[in-house]
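Please work through the exercises below with the sequence and the model at hand, trying each task before reading its solution.

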Amino acid sequence: MVLMFIYEVFICVFLAVLGAAMGSFAGAVVWRLKHKRDIVRERSECEHCHHKLGVLDLIPIVSWVTLAGKCRYCHKPIGRSALLLEVALAAYFVISYLAWPYGLTTGLEWLALVLWLVMGVGLAILFVYDLRWYLLPDKVVFPLIAVSGVLFVLRAVAQGWTPGIFIVELALALLAVAGFYGFIYTVSKGEWVGFGDVKLGVVIGLALGWQLALLAVLIANLVGVLVILPGLASGKLQRSSRVPFGPFLITGLVLSGLFGQQILLWYASLITPGF
């Protein structure tokens, strides 16, 4: 028992550090995408004075705290989003491991978790980018479609789907969110939802399967209502205000992916006593 506890603590600490590092990377990618810079090869720099950052400037969470959220060189504010991304992805990595609903006894299950963590980095980038600039960049969305496609195939292998079942499940997964939002996009001519939301719907459907994808949309809308209604009531938002829906969809994806099965069982117990 003691060894198992030490093992679990070690894994959680490792994932927290890795997640924080990926959060730092995600923040850099957001800035580089906006300014059309090289995502992979360029060194990180201060967005104000453009001084290249050293090792001591890039320690996740620690650097931000010790520098009091300011650049070491020009002393201008770095911004809290960098810290929040690092903390959020550290939490995402640890919670995903602890709450992983599919078991971790086979190589396929571990691979699925790794892909889920990789997907979380891309989702974090999209979350921040859409929140700031109302856009879901294809440079991030398309790789996420590929990763979610692999997750879909892993699910098919794990559950032993026949070719016929695979085709039906694939069609339902694509229609569940992407098809629905594609219809809304077409009818409204892009006024109600953006085409980026349609493409994100492909990610949701493939990553979760159609049942949990529908739950993700429901959660996204509930979260949206909880965020938007207080804003309207307080006057901070107007009916004509533009609100990005990508962050809500991403929240729905994560919550449904990790806790969707428990939510569905809980709901079934409410409508069917003794379930």
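**Exercise 1.** In which helix is the place of Val2? Then describe the exposure of Val2 and the surface patch that includes this residue.

*Solution.* The model is a predicted one, and the steps below should be read with that in mind. Start with the position: Val2 belongs to helix H1, which covers residues 2–34. Next comes exposure, where the cut-off for an exposed residue is over 50% relative accessible area; Val2 has 60% and is therefore exposed. Finally, Val2 joins Leu3, Phe5, Ile6, Val9, Val13 and Val17 in a nonpolar surface patch of about 720 Å².

**Exercise 2.** Find the residues that form a salt bridge, and explain which parts of the chain the pair ties together.

*Solution.* Begin with the general idea that side chains of opposite charge can pair when their charged atoms come close. A search of the whole structure gives one salt bridge. The partners are Asp138 and Lys199, whose closest N and O atoms are 2.4 Å apart. Because Asp138 lies in helix H5 and Lys199 in helix H7, the pair ties together parts that are 61 residues apart in sequence. As a last step, look at the exposure of each partner: Asp138 is partly exposed, with a relative accessible area of 33%, whereas Lys199, with 15%, is buried.

**Exercise 3.** Describe the largest pocket by its volume, its lining and the elements that contribute to the lining.

*Solution.* The volume of the largest pocket is about 780 Å³. There are 28 lining residues, and those closest to the pocket centre are Glu191, Trp192, Val193, Val243 and Phe245. Turning to the elements, helix H7 (195–208) and helix H8 (210–234) are the ones that give two or more residues to this lining. Sorted by class, the lining of the largest pocket holds 14 nonpolar, seven polar and seven charged residues.

**Exercise 4.** Which element gives the largest share of the lining of the second largest pocket? Set the answer within a fuller description of that pocket.

*Solution.* First take the space itself, which for the second largest pocket is about 680 Å³. This pocket is lined by 34 residues, of which Ala28, Glu45, Leu53, Ile78 and Ala82 are the closest to its centre. Two or more lining residues come from each of H1, helix H2 (62–66), helix H3 (80–99) and helix H4 (107–133). The largest share, eight residues, is given by H1. The classes in this lining are 18 nonpolar, seven polar and nine charged residues.

**Exercise 5.** Locate Lys36 and Tyr134, and state the phi value and the exposure of each.

*Solution.* Take Lys36 to begin with: this residue is in the loop between H1 and H2, and its phi is near 55°, a positive value in a residue other than glycine. Lys36 is exposed, its relative accessible area being 77%. Tyr134, in turn, sits in the loop between H4 and helix H5 (138–159), and this residue, although not a glycine, has a positive phi of about 55°. With a relative accessibility of 33%, Tyr134 counts as partly exposed.

**Exercise 6.** How far is the C-alpha atom of Phe180 from that of Leu108? Also give the helix and the exposure of Phe180.

*Solution.* Phe180 is placed in helix H6, residues 163–188, and is partly exposed, with a relative accessible area of 42%. Phe180 and Leu108 are 72 residues apart along the chain, and their C-alpha atoms are separated by 31 Å.

Technical notes: Residues are numbered from 1 along each chain as its sequence is written. This is a predicted model: local features need pLDDT of at least 70, side-chain atom pairs count only at pLDDT 80 or more; totals for chains, interfaces and linings use all residues. Side-chain values use heavy atoms; hydrogens and water are left out. Patches are made of residues with over 30% relative accessible area and no salt bridge: like charges are joined within 9 Å, nonpolar side chains (Val, Leu, Ile, Met, Phe, Trp, Tyr) within 5 Å. Accessible areas come from the Shrake-Rupley method with a 1.4 Å probe; for residues, only the protein chains shown count as cover. A salt bridge is a side-chain nitrogen of Lys or Arg within 4 Å of a carboxyl oxygen of Asp or Glu. Helices (H or I, at least four residues) and strands (E, at least two) are DSSP runs, numbered from the N terminus. Buried means under 20% relative accessible area, exposed over 50%, partly exposed in between (1.4 Å probe, protein chains only). On a 1 Å grid over the protein atoms alone, a cavity is a set of points where a 1.4 Å probe fits but cannot get out, and a pocket is an open set with protein on both sides within 12 Å along at least five of seven lines; lining residues have an atom within 4 Å of a point. Grid points are joined across faces, edges and corners, and a volume is the space filled by probe spheres set on the points. Ala, Val, Leu, Ile, Met, Phe, Trp, Tyr, Cys and Pro count as nonpolar, Asp, Glu, Lys and Arg as charged, and the others, Gly among them, as polar.
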